[in-house]
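Please open the structure in your viewer and keep the selection tool at hand. Each stop of this tour names what to select and then states what is found there.

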Amino acid sequence: MPVSLDPLAPSALLDTARAVRENAYAPYSRFKVGAAVRGASGTVYRGVNVENVAYPEGTCAEAGAIAAMCAAGETRLTAVAVIADSPEPVPPCGGWRPEVGGFGGPRPPGGLGTTEGKEFHTTIGALLPGRFDAGHMSKV
């Protein structure tokens, strides 16, 4: 379900990721992750990691948030936040580098956090250097 919040408040996006993190389904790793992405409309979409019996197969929190954004009809994100119970702020997982970068490009802000309150603010481009994007397929 989309959430409305002040689009200029980076900590609010992390707070949204923090709140939804509790809904993660991680019975195998016990590593719950929450994510929130802000679409171009300003609406915020949430996602959590979801594991299954074929662990480590599953769905990343970032993918869940982006899927919710696309299901609502948006295809451009303007910010991303990811949070987990880790010693340092947790970045989006490597498997979703092209997806986060592809929907947002290099400029949007990225907020990373821990459940203890540590935060790291950067941009998607700085967070995901060398990401695969549509430009790599320009010859097809």
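Select Glu22 to begin; in this predicted model, Glu22 has a relative accessibility of 48% and is therefore classed as partly exposed, since that class lies between under 20% for buried and over 50% for exposed. Add Arg21 to the selection. Is Arg21 buried or exposed? Arg21 has a relative accessible area of 9%, so the residue is buried. The two side chains form a salt bridge, with 2.8 Å from N to O.

**Other salt bridges**

How many salt bridges does a search of the whole structure find? The search finds three, and the pair of Arg21 and Glu22 is one such contact.

Select Arg18 and Asp15 next. Their side chains are joined by a salt bridge of 2.9 Å, N to O. Both residues belong to helix H1, where they stand three residues apart, or about one turn of the helix. Arg18 has a relative accessible area of 25% and is partly exposed. Asp15, at 42% relative accessibility, is also counted as partly exposed.

Now select Lys118 and Glu88, whose side chains meet in a salt bridge of 2.9 Å, N to O. This pair connects distant parts of the chain, with the two positions 30 residues apart in numbering. Lys118 is in the loop between strand S6 (109-114) and strand S7 (119-123), whereas Glu88 is in the loop between strand S5 (77-84) and helix H3 (97-104). Lys118 counts as partly exposed at 40% relative accessibility, and Glu88 counts as partly exposed at 48%.

**A nonpolar patch**

Switch to a surface view and select Tyr28, Val53 and Tyr55. Together these residues make a nonpolar surface patch of about 340 Å². To place Tyr28, look at the loop between helix H1 (10-21) and strand S1 (33-39). Tyr28 has 39% relative accessibility and is thus partly exposed.

**The largest pocket**

The next stop is a space rather than a contact. Rolling a probe the size of a water molecule over the atoms shows where empty space is left. The largest pocket holds about 270 Å³ of space. Which residues are the closest to its centre? Select Val33, Asn49, Thr59, Cys60 and Cys93: of the 18 residues lining the pocket, these are the closest to the centre. Strand S3 (50-51), strand S4 (58-59) and helix H2 (61-71) are the elements that each contribute two or more residues to the lining. Colour the lining by residue type, and the division is 11 nonpolar, four polar and three charged.

**Two glycines**

Select Gly125, which is part of helix H4 (residues 124-127). Gly125 is partly exposed, at 22% relative accessibility. Then add Gly105 and display the C-alpha distance between the two glycines. They are 20 residues apart in sequence, and their C-alpha atoms lie 7.0 Å apart in space.

**The whole chain**

Finally, clear the selection and show the full chain as a cartoon. Its secondary structure consists of four helices and seven strands. Followed along the sequence, the elements appear in the pattern α-β-β-β-β-α-β-α-β-β-α. Of the 140 residues in the chain, 41% are buried, and Arg21, seen at the start of the tour, is a buried residue.

Terms used: Residues numbered from 1 in each chain as written. Predicted model: local features only at pLDDT ≥ 70, side-chain atom pairs only at ≥ 80, totals over all residues. Heavy atoms only, no water. Patch = residues over 30% accessible without salt bridge, like charges linked within 9 Å, V, L, I, M, F, W, Y side chains within 5 Å. Areas by Shrake-Rupley, 256 points an atom, 1.4 Å probe, with all protein chains shown as cover. Salt bridge = Lys/Arg side-chain N within 4 Å of Asp/Glu carboxyl O. Buried < 20%, exposed > 50% of the residue type's maximum accessible area, 1.4 Å probe, protein only. 1 Å grid on protein atoms, 1.4 Å probe; cavity = no way out; pocket = protein on both sides within 12 Å on 5 of 7 lines; lining within 4 Å. Points joined across faces, edges and corners; volume = space filled by probe spheres on them. Nonpolar A, V, L, I, M, F, W, Y, C, P; charged D, E, K, R; others polar.
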